[in-house]
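Biologist: Please take a close look at one part of this model, a residue in a loop. Tell me where it sits and what surrounds it, then carry on to other sites worth setting beside it.

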Amino acid sequence: MRGRLVASWLWLLALPALAADYAGPLFDTHLHYNVEAWNGQQGPHPLADVLARMQRNGVRAIVANSRTNDGTKLLAASPETRAAGVAVVPFIRLYRNRDDYTNWFRDPSIYAMVEEEFARGTQGGPYRGIGEFHLYDSANADGPVARQLMQFAERHGLAVLAHVDDVAVDKLMAHAPGARLVWAHTGIGGAPVARVQALLERYPRLVGELSYRPGLTCENGTLCPDWDALLRQHPTRFVIGSDTWVNQRWSAYDLLMQEYRRWLGALPAPLAQRIAWDNAAALFGVPTPP
Ligand SMILES: [Zn+2]
């Protein structure tokens with residue numbers, strides 16, 4: 001018993017020291033400020049609360065999208081957001097309510113709504129993207145409105161944030177090969193790493209967002225070996241996000257950002273900074289904070 005304990009203690013000594021967590025700026029590229037977070041007015045997560053969460057976590061820019069668009073507009077237009085040092089990249093949400101999640105791809109009124117919203121813009125500047133949208137069945141990526149929206153995005157230089165499987169990535173890119181597709185969760189269903197790699201190689205404008213990605217991290221919260229290799233191989237193709245789709249994710253915001261900082265810290269510093277900040281900043285033309 002005692003011998004075993006000593007042996008395990010000696011084994012610990014042989015472990016390499018854990019790298020320090022990444023300490024630079026974060027660009028949260030998958031953020032929702034949905035109506036239930038602030039109820040159109042105050043709580044449970046009023047503007048001051050969400051800005052404080054970003055600030056204390058070193059989140060210096062966000063892609064904002066929310067059901068309704070009012071949350072995004074509030075973030076984009078408020079002097080408090082600028083005072084907090086958070087740059088906002090607004091995206092147009094497709095959903096008026098929960099029913100729209102499963103019907104948007106064939107509902108022409110959604111396309112009309114997106115067109116109108118794009119023309120209107122926000123007080124903080126024009127919209128820069130569309131989404132997040134969801135496709136739970138990849139066949140629906142061929143729905144008429146899905147096709148129209150991809151082509152709309154391509155025409156107007158808008159990015160598209162899409163929660164879809166790998167088959168739908170092929171379909172969406174076929175509608176609009178010049179569109180910028182940000183793949184939410186890089187396949188939440190766990191598309192194999194080799195398949196993710198093949199898609200990145202086939203579509204130079206495809207970017208992987210890493211929230212909720214199954215199999216991403218292993219022991220000690222560091223990257224699993226296959227993901228470590230993929231990120232090193234494609235240093236300019238990945239970004240991070242919180243996906244605050246329910247209020248519980250706002251409560252966990254500190255933890256989510258700490259988890260990113262942990263695995264980013266084990267990567268070479270320039271690569272960590274790319275994934276944490278530079279890749280998204282380059283996509284949306286956001287200057288790096290001093
Ligand atoms: Zn989301």
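Modeller: Tyr-212 sits in the loop that runs between β7 (206–209) and α10 (225–233). The model is predicted. Tyr-212 has a relative accessible area of 35%. That makes Tyr-212 partly exposed, because this class lies between the 20% limit for buried and the 50% limit for exposed. Tyr-212 also belongs to a nonpolar patch on the surface. Its partners there are Ile-188 and Trp-245. Together the three residues offer about 270 Å² of accessible area.

Now set two buried sites beside the loop residue. Take Thr-81 to begin with. Thr-81 is part of helix α5, residues 79–83. Its relative accessibility is 2%, so Thr-81 counts as buried. A polar atom of the Thr-81 side chain lies 2.8 Å from the backbone oxygen of Leu-75. Leu-75 is also among the residues that Thr-81 touches beyond four places in sequence. The others are Leu-47, Leu-51, Leu-74, Val-86 and Val-88.

Next comes Phe-284. Phe-284 lies in helix α13, which covers residues 269–284. Phe-284 counts as buried, with 7% relative accessibility. Leaving aside neighbours within four places in sequence, Phe-284 contacts Phe-27, Val-63, Val-89 and Phe-91. Arg-128 and Ala-159 are in contact with Phe-284 too. Arg-128 is 156 residues from Phe-284 in sequence. In space, their C-alpha atoms are 7.6 Å apart.

To recap: Tyr-212 is partly exposed, whereas Thr-81 is buried. Phe-284 is buried as well.

Notes. Residues are numbered from 1 along each chain as its sequence is written. This is a predicted model: local features need pLDDT of at least 70, side-chain atom pairs count only at pLDDT 80 or more; totals for chains, interfaces and linings use all residues. Side-chain values use heavy atoms; hydrogens and water are left out. Patches are made of residues with over 30% relative accessible area and no salt bridge: like charges are joined within 9 Å, nonpolar side chains (Val, Leu, Ile, Met, Phe, Trp, Tyr) within 5 Å. Accessible areas come from the Shrake-Rupley method with a 1.4 Å probe; for residues, only the protein chains shown count as cover. A salt bridge is a side-chain nitrogen of Lys or Arg within 4 Å of a carboxyl oxygen of Asp or Glu. Helices (H or I, at least four residues) and strands (E, at least two) are DSSP runs, numbered from the N terminus. Buried means under 20% relative accessible area, exposed over 50%, partly exposed in between (1.4 Å probe, protein chains only). A polar contact is a pair of N or O atoms within 3.5 Å; within protein, one must be able to donate a hydrogen and the other to accept it, and residues adjacent in sequence count only if both atoms are side-chain atoms. Contact means heavy atoms within 4.5 Å.
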